Amino acid sequence: ASFGFRAVPETERQGLVNKVFASVAGRYDLMNDLMSGGLHRLWKRELITMLNAPRGTTSFKLLDVAGGTGDISIRYAEDSGPNATAVICDISPEMLEVGRRRIADAGLQNRIQCVEGNAEELPFESSSFDAYTIAFGIRNVTHIDKALAEAYRVLKPGGRFLCLEFSECRVPVLDRLYDFHSFEIIPRLGQLTAGDAESYRYLVESIRRFPTQEKFAELVRGAGFSRVNYRNLTGGIAAIHGGWKI
Ligand code: SAM
C-alpha cells in the first residue's frame, strides 16, 4: 500500500537513520516502551528463549548486531552462565554510550563489550561467534543481503542466526489498528518526545517496505543459512527468523 511518503534515496538512508538514533539515544528505551506499549519486552524475551544459551559453565559467544542500548545482550547475559559473553556491534556511538552505561549499571561490563561498526561490514574475524542476533536492526541497514552475508561469515559452523524484526500483520482488525498506530500515533509520539515527526514517519515507512515473512526467509536462505524458519509474534506485527550455519 502507498501512504504517500516520499521515498528516501538509497545513498541518504543510512545518514538519516544515524541522525534519528543519535537524536533519540537518551530517550530510546522510554520511547520503545511507549511506542510498542511494552510489547517489545515480550518479543525480546521470546528471542532470548529461542537462543537458549548455556546456563552452565560452557563458553558461548554472542554477536548482537545493531544492539543499540543493549536490551538483547543484557537479558541474554542475565539469563545464561558466567562464560556466555556478548559483543554489541552498532553503528551509532550515541546508542552505544547509553548501552555502556546500562551494562555498567547491571554489573556486566566483564561479559558484554561494545564495538562501533556497520552490519554490512563487520569488524570481526570469520567463524568467530556461536550466535548472531539482530533485533529491530536489519530494516535500518541499506543492503540487507550484505548484512546477511556478514552474519553468515562471522558465525562458526553450527552457529545460530536469529533476527527479530517488524513484519507483516495479516490478522483482520488488528491490521487496521496497527495501521492507525503506525501512521497516526507513532509520528505524534515522535514529535512529542523527540520533536521530529518526519524521522518517525521514515521509520514507519521502513517497516512497511521490509520484506514479508516468506520473502525475508528466502533472503536468509540465499545467504547460505540452513533450516530457516520463522515465528510470528502478535499476529505478525513482529517475527523472529532463525537459521543455522551448517
Ligand atoms: N537492538 C536494539 C533493540 O532492539 O532495542 C536496538 C534497535 S534500534 C531500533 C536500531 C539500531 O540499529 C540502532 O541502534 C542503530 O544505530 C542501529 N543501526 C542502524 N544501521 C546500522 C548498521 N548499518 N549497522 C549497525 N547498526 C545499525
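# Briefing: helices, sheet and ligand shell

Helix α3 crosses helix α4 in a right-handed sense. The model is predicted. Its open sheet has seven strands with mixed pairing. A shell of 21 residues surrounds the ligand.

**The α3 and α4 crossing**

- Two packed helices are described by the angle between their axes and the distance between the axes.
- Helix α3 covers residues 39–51. Its axis and that of α4 come within 10 Å. The two axes cross at roughly 50 degrees.
- That angle makes α3 oblique to α4. The reason is a matter of ranges: roughly parallel needs an angle under 35 degrees, and roughly perpendicular needs 65 to 115, so the rest in between counts as oblique.
- From α3, the residues in the contact are Lys44, Leu47, Ile48 and Leu51. From α4, they are Asp71, Ile72, Arg75, Tyr76 and Asp79.
- Five residues of this contact are nonpolar and four are charged. No polar residue takes part.

**The sheet**

- Strands of a sheet pair through backbone hydrogen bonds, either parallel or antiparallel.
- Read across the sheet, the strand order is β3-β2-β1-β4-β5-β7-β6.
- Strands β3 (112–116) and β6 (226–233) stand at the edges. Each has a single partner strand, so one side of each is left without a neighbour in the sheet.
- From one strand to the next, the twist averages 15 degrees.
- Strand β2 spans residues 84–90. It runs parallel to β3, and five bridges join the two.
- Within this pair, valine 87 stands opposite glutamine 113 in β3.

**Helices packed on the sheet**

- Helix α5 (residues 93–105) packs on the sheet and touches β2 and β3. The direction of α5 makes about 170 degrees with that of β3.
- Helix α9 (residues 213–222) also packs on the sheet. It touches β5 (155–166), β6 and β7 (238–244). The direction of α9 makes about 155 degrees with that of β6.

**Around the ligand**

- Which residues come nearest to the ligand? They are Ala66, Gly68, Ser92, Ala119 and Ala135.
- Helices α1 (10–24) and α4 (71–79) each supply at least two residues of the shell.
- The largest share comes from α1, with three residues.
- By type, the shell divides into 11 nonpolar, seven polar and three charged residues.
- Helix α4 thus belongs to two parts of this picture: α4 supplies residues to the ligand shell, and α4 meets α3.

Key:
Residues numbered from 1 in each chain as written. Predicted model: local features only at pLDDT ≥ 70, side-chain atom pairs only at ≥ 80, totals over all residues. Near = placed C-beta within 6 Å. Helix = DSSP H or I, 4+ residues; strand = E, 2+ residues; numbered from the N terminus. Nonpolar A, V, L, I, M, F, W, Y, C, P; charged D, E, K, R; others polar. Pairing = 2+ DSSP bridges. Axes fitted to C-alpha atoms, helices over the stretch in contact; angles between N-to-C directions. Contact = placed C-beta atoms within 7 Å. Parallel < 35°, antiparallel > 145°, perpendicular 65-115°, else oblique. Left-handed = near helix turned anticlockwise from the far one by under 90°.
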